[in-house]
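This report deals with the arrangement of a two-chain model, from whole chains down to pairs of helices. Please keep the sequence and the structure at hand while reading.

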2 protein chains.
Amino acid sequence: MGIVVQKYGGSSVADADSIKRVARRIVETKKAGNNVVVVVSAMGDTTDELIDLANEVSPLPPARELDMLLTAGERISMAVLAMAIQNLGHEARSFTGSQAGVITDAEHGRAKIIDVTPGRIQAAIDQGAIAIVAGFQGVSQTTKDITTLGRGGSDTTAVALAVALEADVCEIYSDVDGIFTADPRIEPRARKIPRISYEETLEMAAQGAKILHLRCVEYARRYGMAIHVRSSFSEKEGTWVVKASDVVPDASDETGGSTTEGQTMEAAIITGVAHDRSQAKITVVGVPDKPGEAAAIFRAIAEAQINIDMIVQNVSAAATSLTDVSFTLPRGEGQTAMTALSRLQDSIGFESLQYDDSVGKVSIVGAGMSTSPGISARFFEALSDAGVNIEMISTSEIRVSVVVAETQVQDAVRAAHEAFDLGSDEVEAVVYGGTGR
Amino acid sequence: MGIVVQKYGGSSVADADSIKRVARRIVETKKAGNNVVVVVSAMGDTTDELIDLANEVSPLPPARELDMLLTAGERISMAVLAMAIQNLGHEARSFTGSQAGVITDAEHGRAKIIDVTPGRIQAAIDQGAIAIVAGFQGVSQTTKDITTLGRGGSDTTAVALAVALEADVCEIYSDVDGIFTADPRIEPRARKIPRISYEETLEMAAQGAKILHLRCVEYARRYGMAIHVRSSFSEKEGTWVVKASDVVPDASDETGGSTTEGQTMEAAIITGVAHDRSQAKITVVGVPDKPGEAAAIFRAIAEAQINIDMIVQNVSAAATSLTDVSFTLPRGEGQTAMTALSRLQDSIGFESLQYDDSVGKVSIVGAGMSTSPGISARFFEALSDAGVNIEMISTSEIRVSVVVAETQVQDAVRAAHEAFDLGSDEVEAVVYGGTGR
């Protein structure tokens, strides 16, 4: 009997009714002849509430204790889910990350998985039980203290367990039907992607698509574990994230509408359009154009622990030998970066700083891009035709990203989606969480 | 450096402010030159809220999962308390029951402690840290599943840890100043008892005094661990629960008022007056007075899992050869007992059943009683003088209990307190939780 690992996020287990619904779904999977291991996040807003409580007693809660506190969240959801399943007449047992054998390093709040030794999980499913595992948490190999995995931790727990248990598939449930060619809230003609490679998913995630966390996709890619991204509110097939060689254009794909062969080939070049409205842009104006200046700027940014994304340096104006350097970064870190740079104004000798947090990033992603010339040109032409001004450009093997005004993000996404013929002829129904969210 | 184990109940850690107050108290104990190990209950109503959540998904939540769920409560309180202590500049580390080495049997919901192996706690205090331990929970020796200890579990955790760590004392904090000669809400002249034996404390607890759980006192008695019962809302000395041989009448006791030697000797005979309003009385009327009838009645009660307390059987009336059997039991179990007995009416052949839940039990407890004749007589005379009618009587080596009408409980307590000269001349201030409760 094969093993299916399922992961349900906080919005899928937000309250008792949601938990009962998820329990029924799990029991159906079990009845269909699978061994089932479930990874679950904390219920709804539990984690935020626990953080608020911590902040009431300590402005900077110690990381070890914060991990101890936050792991209570999954402890609650997993136990209640196990109860709901047992109430349907099926044996279910909950396990903490530690009990499930999720061994991590000792970096509280952002621990990395070192090993997974799921002996108790294997024993539970061998005895016919459904195993429920707390996501997001583990136990330190060295200190034996409880750790949390940080952002994307529950998805990563699920993939890591699936790998360790040699599961057939790791199903990641959320309130969205799968990975789409663009955000359906922006482009109603966006189409669900039936199959996508790890690499394209990584680029989509890095460029702002909010379906899967980079970290869990990286883990799955390393071990070749298939991920099935789907909605806990619908029975539909979602999106399979698999090896690039397994992403074959398939006539039976539920892409909807009638496509000629030419269109199918073309659609395969670009997989989707991602956008990201969480970034800001800083421009350092009037930097002396000599060796070491850019290094000094980005050393200051790195020392402030700020992650930057795109960087553009203009050609210097010959008359002045001064250049402008622009980069993007998360908006929440904008103030810190501006402060760090201001301190260096005299030593670097730049003229001024400009901060713009009304920008957005739009990216086209596709494995076929690297062998198809003219992709960038078609993208830029489409933006131009839509009246969208490009502020910055950055590219990778399978991606082209542009920074535009935030007000033009929607037009840019639609233009790109249209230019690469990604849409279906009909608007697909997208099931969101609705009131349950 | 000696070790002090402190236990704080749910009302002492009901919210962030309470936790900060308790943190300051713990730090003071540490600064006074002690190694400190703290056992903590779940915050305020957390446990009840978790039980409500469980009942939303399952009418009868499986015990293993209920334990997993409920242990989240102490996980939250202990982590937040550790944060609050660290915020005061002292190292503190929280540990689950499992991490603290509280090894139990596998009886979920009412597990018994088999062993305590507090290696990690010892290591933490050896390194100068304050150790915070989750009360009420442990880990099964056989199944490795998380267990809870049931009623009185946190007090018992504290005593068991104190024993295993060879602590100097186990301090049990609540919102009451200590153990009193009677409930101060009923008898304002009640006096705090400075020292009391384990045996007297057990009788007081069994007879309704709500300070310490039987189980924790039994554990302390077995290993001779001194318990100091005191208030987390005051700095006063509380009540020391110790070996009978260590309960010496001490002229320096803070009993208040001027006492002659005679009064002191007298007061030593009776330690206190306990009362209990949680009981009901069932009378089986007209039972044939032949062998096996009483056995049949109490077998039926036992099979219904009901704990009975006092039993009285009247002498049969010669004319009818019928007798009446009365017993007391917790009110919550009254309906079950009446149903179980009604089913047997034909086979036993009794005439009728009477149920009375407006009764109360009043007990006098004192180690000196067994060697002092006339105690019962003085007790009954005092009740008679106060116009209190006695419905049932039961005695032990160090206790005399009577069942009276609930409306007469207060009069009975005051009469007994007066008869044995237990009061102080002044009303002692009793600090209750106040608004924090």
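What follows covers the chain symmetry, the domains and two helix pairs.

**Chains and symmetry**

The model is predicted. Two copies of a chain are related by a rotation about an axis and a shift along it. Here, a turn of 180 degrees with a shift of 0.1 Å along the axis lays chain B on chain A, with an RMSD of 0.1 Å. The relation is therefore that of a two-fold axis. Within chain B, B:Ala72 has the C-alpha nearest the axis, at 2.5 Å from it. Both copies use the same surface, and 100% of the contact residues of chain B recur in chain A.

**Domains of chain A**

Chain A is divided into three parts: domain 1 covers 3-175, domain 2 covers 279-356 and domain 3 covers 360-419. Taken over C-alpha atoms, the centres of domain 1 and domain 3 of chain A are separated by 38 Å.

**Helix pairs in chain B**

Two packed helices are described by the angle between their axes and the distance between the axes. The table gives both values for two pairs in chain B.

| Helix | Partner helix | Axes come within | Crossing angle |
|---|---|---|---|
| α5(B), residues 153-164 | α7(B), residues 214-223 | 8 Å | roughly 15 degrees |
| α12(B), residues 375-385 | α13(B), residues 409-419 | 9 Å | roughly 130 degrees |

At roughly 15 degrees, α5(B) is therefore roughly parallel to α7(B). The crossing of these helices is left-handed. On the α5(B) side, the contact involves B:Asp155, B:Thr156, B:Val159, B:Ala160 and B:Val163. These meet B:Arg215, B:Cys216, B:Tyr219, B:Ala220 and B:Tyr223 of α7(B). Sorted by class, the contact of α5(B) with α7(B) has seven nonpolar residues, one polar and two charged.

For the other pair, the angle is roughly 130 degrees, and α12(B) and α13(B) are therefore oblique to each other. Their crossing is right-handed. From α12(B), the contact is made by B:Arg378, B:Phe379, B:Ala382 and B:Leu383. From α13(B), B:Ala412, B:Ala415, B:Ala416 and B:Ala419 take part. How do the residues of the contact of α12(B) with α13(B) divide into nonpolar, polar and charged? Seven are nonpolar, none is polar and one is charged.

**Summary**

In short, a two-fold axis relates the two chains. In chain B, α5(B) crosses α7(B) in a left-handed way, whereas the crossing of α12(B) and α13(B) is right-handed.

Key:
Residues are numbered from 1 along each chain as its sequence is written. Chains are lettered from A and ligands numbered from 1 in the order in which they are written. This is a predicted model: local features need pLDDT of at least 70, side-chain atom pairs count only at pLDDT 80 or more; totals for chains, interfaces and linings use all residues. Side-chain values use heavy atoms; hydrogens and water are left out. Axes are lines fitted to C-alpha atoms, for helices over the stretch in contact, and angles run from 0 to 180 degrees between N-to-C directions. Helices (H or I, at least four residues) and strands (E, at least two) are DSSP runs, numbered from the N terminus. Angles under 35 degrees count as roughly parallel, over 145 as roughly antiparallel, 65 to 115 as roughly perpendicular and the rest as oblique. A crossing is left-handed if the near helix is turned anticlockwise from the far one by less than a right angle, and right-handed if clockwise. Contact means heavy atoms within 4.5 Å. Ala, Val, Leu, Ile, Met, Phe, Trp, Tyr, Cys and Pro count as nonpolar, Asp, Glu, Lys and Arg as charged, and the others, Gly among them, as polar. Domain bounds come from an automatic or database domain assignment. Copies are superposed by least squares on the C-alpha atoms of residues with pLDDT of at least 70 in both.
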